[in-house]
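User: I would like to go through this structure by asking, for each label, what value earns it. Please set out the cut-offs as they are needed.

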Amino acid sequence: MESVTERSTSTVIFILLWLTLLIQLNVTAQIQTNVDDIGTQSSFLRQTFSNSTTQDGDDARTRPTSITPIEYSTIVTPTPTPRDADITSATITLSTRITSEPTTLRSTETCPKLKFGNYTLPETPVGSWATPEGTVCLNKNGTLVQIHCLDNGVWNLSEGITCYERDTSSSTTTTTITTNITTPTTTPSPKPSVKTCPRKKIGEYTLPETTAGSWAIPEGVICLNANYTPVRVQCLRTGSWDLNSKIECPQENISDTTKELYEVLDESPVAALSTTNTIIKEKKSELKEIDIHFISQVLSKASEDGDVATNPETFIGTIDEIMSVNKSTLASSQLLLNATDTILYSLDQMLLKSGNISFQVSNLTLRTIDNNSRKIYGAMITENEEGRNFTLVKDNYEETLTNTDFDIAFVIPPETTNGAEFYFITIFYNDNLFQQKNPETVDSRIISILFPTDVVPENIKIYYKQLQNTSLQRQCDHWKYGIEKYEAISGRWSSDDDAQIFKEGYYLCEVNHTTHFGMLVSGSLSDNLVLDLITIFGSVLSLFAIIIIFLTALIFKQWRNKTTSKILLNVSLCLLLLIVLFIIADKVNRGPLCVVVGILLHYMVLAQFCWSLTISYSSYRKFHLVSNDHIKHVLVKFCGFSWGTPLIAVIATVVININTYDKSAVEKAEQNSSEICYPKDDFLTLGVCVPMTVILTVNAVIYILIAKNLLVTKLDIRKHQTKKSLSVQKSLILLFFMMGMTWTFGILVAFTKNTIFLYLFCSTATLHGFVIFLFYILDSTEIKQMWKKKLKQVITKSKRGEKIKYRQNNRIEENMTESISG
């Protein structure tokens with residue numbers, strides 16, 4: 001990866017300089033775009049400047065849409081939970097994540113009185129049921145809403161509180177009241193209601209109430225297609241069923257395994273879980289998509305049971321067994337019925353009820369981290385022949401992680417957790433439960449970070465060990481499932497940012513939200529590598545062109561004595577030295593030589609922009625003012641300004657702090673860094689970026705004025721048939737490069753992080769020298785005639801030489817013949 005990330009040419013280093021400026025000025029826009037196809041449940045297209053609009057406010061761990069609930073009577077409505085900092089409200093449906101506490105932290109004989117949204121639950125003995133005070137709260141079927149006080153003294157609010165008011169004129173319900181809660185640090189904002197398709201009887205089959213965008217299967221029956229996939233019907237985004245064809249269940253040859261798993265749904269959670277675990281172990285290779293769905297429903301039901309949370313061995317063992325099921329079967333069940341999303345969510349819910357937990361099975365490691373000790377910053381997980389080790393790291397974690405080999409590690413500073421007493425960590429040793437429509441390659445272990453409250457740490461660092469030795473792009477991603485824009489969709493990987501090199505073979509990702517995290521690699525050449533190839537190609541082309549320019553000047557005295565040619569040679573020399581110095585500055589080691597190279601590089605960068613300003617001024621006089629006034633000693637003045645002005649900034653920087661040009665004390669080999677010999681920090685901002693910004697702004701204004709003038713007078717030029725060496729279009733293209741306007745793409749890259757602008761910048765900025773050659777040499781009639789004449793002379797001279805040599809050879813042969821005959 002070092003060869004990919006290190007910049008060996010000028011343009012890529014330019015990008016680093018501009019990004020540094022914008023970071024220090026706090027103007028870099030943090031813009032991300034998301035191209036998830038919500039309707040088709042497709043994954044996003046990830047690029048270097050990621051095209052994803054993943055917002056931290058959207059809880060990545062939102063409850064997934066359950067296609068058919070345990071009783072096959074209703075669809076669980078997915079709602080965002082207020083896990084992230086900017087979530088303003090969330091429906092009560094997932095309130096357990098906010099209000100419930102682990103069993104081990106509460107010892108009481110009653111559930112306390114609790115204000116829950118618009119409703120209040122009275123203090124109630126454990127094991128009992130209660131109804132909201134001060135109101136008649138009814139279910140949809142007219143029965144009282146009752147909330148269970150669990151044996152551990154915690155209210156069971158996994159389904160929230162939803163009250164239906166009975167219409168006085170009929171026995172049917174007419175109005176639904178949904179209670180919202182808000183985080184204390186944010187202002188609630190209105191949210192659109194979630195659309196649903198009503199419960200509907202189609203022929204002999206019945207479809208349950210279902211969230212818009214989701215799929216449902218007929219309730220009360222095992223309904224399969226001929227290929228053994230479940231018969232399903234989609235609830236459209238409009239809230240109506242997609243009933244283009246009638247529901248049929250042609251599959252009669254249902255396996256015993258499927259029948260057993262279907263019948264298990266009616267058993268108690270503990271018994272169902274035990275039976276399911278046995279079935280998976282014995283018939284793992286026989287499981288089909290519908291079987292995985294039934295297993296996910298068993299786990300969903302078990303995750304709400306207090307007895308399962310108290311003794312989670314069977315629950316965890318079941319998930320461990322599922323992770324060994326055929327990957328294609330899991331992927332299909334996820335795409336058809338959101339099965340693996342439901343499994344992941346069920347694991348979270350079980351953990352929230354379990355309290356202190358420490359388990360290690362074949363495919364999973366689960367631990368509760370005690371956050372009361374301010375010394376614990378995180379942990380690193382190591383896997384070797386002897387087994388797996390879960391080692392806590394303390395405040396000296398950077399040194400520990402740098403000097404230790406591990407599989408995955410994380411750091412959550414205790415001071416950023418807002419007093420949370422503990423949190424849960426789960427390590428997944430394969431990605432079988434993380435399936436999306438367009439498969440991605442996961443190049444790390446997957447880690448889940450789960451807090452029992454709405455705490456969102458400000459800065460979470462995750463350190464990944466790469467699993468593949470590849471130069472493909474690595475991206476920090478998190479798993480996002482549940483709903484988006486209030487429509488149910490399948491889970492998918494969503495981008496956070498590019499993975500940063502931590503040390504050889506290891507990468508660092510920094511996030512500010514909690515869910516499941518992994519490091520992915522793209523399935524094509526990384527943008528960095530492609531951009532490097534573009535940069536190298538453009539730079540080599542420009543170097544070749546500059547050599548031709550100097551060769552032309554060397555051969556043709558008449559051309560090089562012209563003032564325009566002398567200015568052109570100065571600009572070409574500046575470009576040549578700039579490219580060479582950037583290469584040297586990247587490769588040279590720290591020390592006095594690095595300082596000297598850094599000073600020269602600083603000078604040449606500013607000189608290039610000064611030359612672009614002088615060309616802008618000259619072009620403004622020619623194309624806008626149309627002035628015939630001759631500037632006396634124009635070459636001396638231009639050279640004096642362009643080569644002299646940069647000395648002011650360079651000398652000032654050298655006097656104040658000459659060491660700013662040197663590389664940092666950390667060895668480049670250790671950091672895999674692309675650091676070069678160049679000014680840093682405030683010296684970079686004031687000594688490089690500010691002058692560059694000012695000059696580029698002036699050039700942009702002049703370019704716009706010239707372009708306007710040329711385009712307006714284009715018809716007049718044609719009318720009078722004024723002969724020009726360059727057309728209007730050619731003039732604008734040439735000036736775009738000569739005035740440094742390619743840097744506008746660099747600014748757009750910094751502000752928008754759009755990959756298109758990045759490619760435009762690398763493609764144009766590196767071709768500066770080639771464009772000069774193209775317009776001033778290749779497109780010049782005078783130069784072409786001079787070269788033709790020169791080449792003709794060389795050819796003629798060559799032919800003369802061959803004739804002379806031929807005659808000499810003939811004379812030698814004749815003399816030899818005469819000598820022999822004599």
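Analyst: A residue is called buried under 20% relative accessible area, exposed over 50% and partly exposed in between (1.4 Å probe, protein chains only). Helices (H or I, at least four residues) and strands (E, at least two) are DSSP runs, numbered from the N terminus. The model is a predicted one, in which local features need pLDDT of at least 70 and side-chain atom pairs count only at pLDDT 80 or more, while totals for chains, interfaces and linings use all residues. Residues are numbered from 1 along each chain as its sequence is written, and side-chain values use heavy atoms, with hydrogens and water left out.

User: Why is strand β22 called largely enclosed by the rest of the structure?

Analyst: Strand β22 (residues 422-428) earns that description because 7 of its 7 residues are buried. The burial extends to both faces, with Phe422, Phe424, Thr426 and Phe428 covered on one side and Tyr423, Ile425 and Ile427 on the other. In a regular strand the side chains alternate between the two faces of the sheet.

User: What makes β18 and β24 partners of β22?

Analyst: Two strands pair if DSSP finds at least two bridges between them. Strand β18 (residues 364-370) is joined to β22 by 7 bridges and runs antiparallel to it, with Leu364 having Phe428 as its bridge partner. Strand β24 is joined to β22 by 5 bridges, again antiparallel, and here Phe424 stands opposite Leu450.

User: How do you know that helix α8 is mostly covered?

Analyst: Of the 10 residues in helix α8 (residues 313-322), 8 are buried. Among them are Phe315, Ile316, Ile319 and Ile322, together with the charged-type residues Asp320 and Glu321.

User: What makes a set of residues a nonpolar core, and which residues have the most contacts inside the largest one?

Analyst: A nonpolar core is a set of buried Ala, Val, Leu, Ile, Met, Phe, Trp, Tyr and Cys residues joined through side-chain atoms within 4.5 Å. The largest has 72 residues, and those with the most contacts inside it are Trp559, Leu601, Val605, Trp611 and Trp643. Helix α15 (residues 592-625) gives the most to this core, with 14 residues. Apart from it lies another core, of 53 residues, which includes Phe315, Ile322 and Phe428.

User: Why is the pair of Tyr262 and Phe294 called stacked, tilted or edge-to-face?

Analyst: Rings of Phe, Tyr and Trp (its six-membered ring) pair if their centres lie within 6.5 Å, and planes under 30 degrees apart count as stacked, over 60 as edge-to-face and the rest as tilted. There are 19 aromatic pairs in the structure. The centres of Tyr262 and Phe294 are 5.6 Å apart and their planes stand at 50°, so this pair is tilted. Tyr262 belongs to helix α4 (residues 256-264) and Phe294 to helix α6 (residues 289-302), 32 residues apart. At 21% relative accessible area Tyr262 counts as partly exposed, whereas Phe294, at 2%, is buried.

User: And what kind of pair do Phe556 and Trp787 make, and why?

Analyst: Their ring centres are 5.2 Å apart and their planes are at 85°, so the pair is edge-to-face. Phe556 sits in the loop between α12 (527-555) and α13 (557-560) and Trp787 in helix α25 (residues 781-821), so the contact ties together parts that are 231 residues apart in sequence. With a relative accessible area of 9%, Phe556 is buried.

User: How do you know that Arg445 and Glu383 form a salt bridge?

Analyst: A salt bridge requires a side-chain nitrogen of Lys or Arg within 4 Å of a carboxyl oxygen of Asp or Glu, and the closest N and O atoms of Arg445 and Glu383 are 3.1 Å apart. Arg445 lies in the loop between β23 (441-442) and β24 (446-450) and Glu383 in strand β19 (residues 378-384), so the pair ties together parts that are 62 residues apart in sequence. Arg445 is buried at 16%, while Glu383 is partly exposed at 32%. Both belong to a salt-bridge network that also links Arg388.

User: What makes Lys562 and Glu782 a salt bridge as well?

Analyst: Their closest N and O atoms are 2.7 Å apart, which satisfies the cut-off. Lys562, in the loop between α13 and α14 (563-587), and Glu782, in helix α25, are 220 residues apart. Lys562 is partly exposed, with 35% relative accessible area, and Glu782 is partly exposed at 28%.
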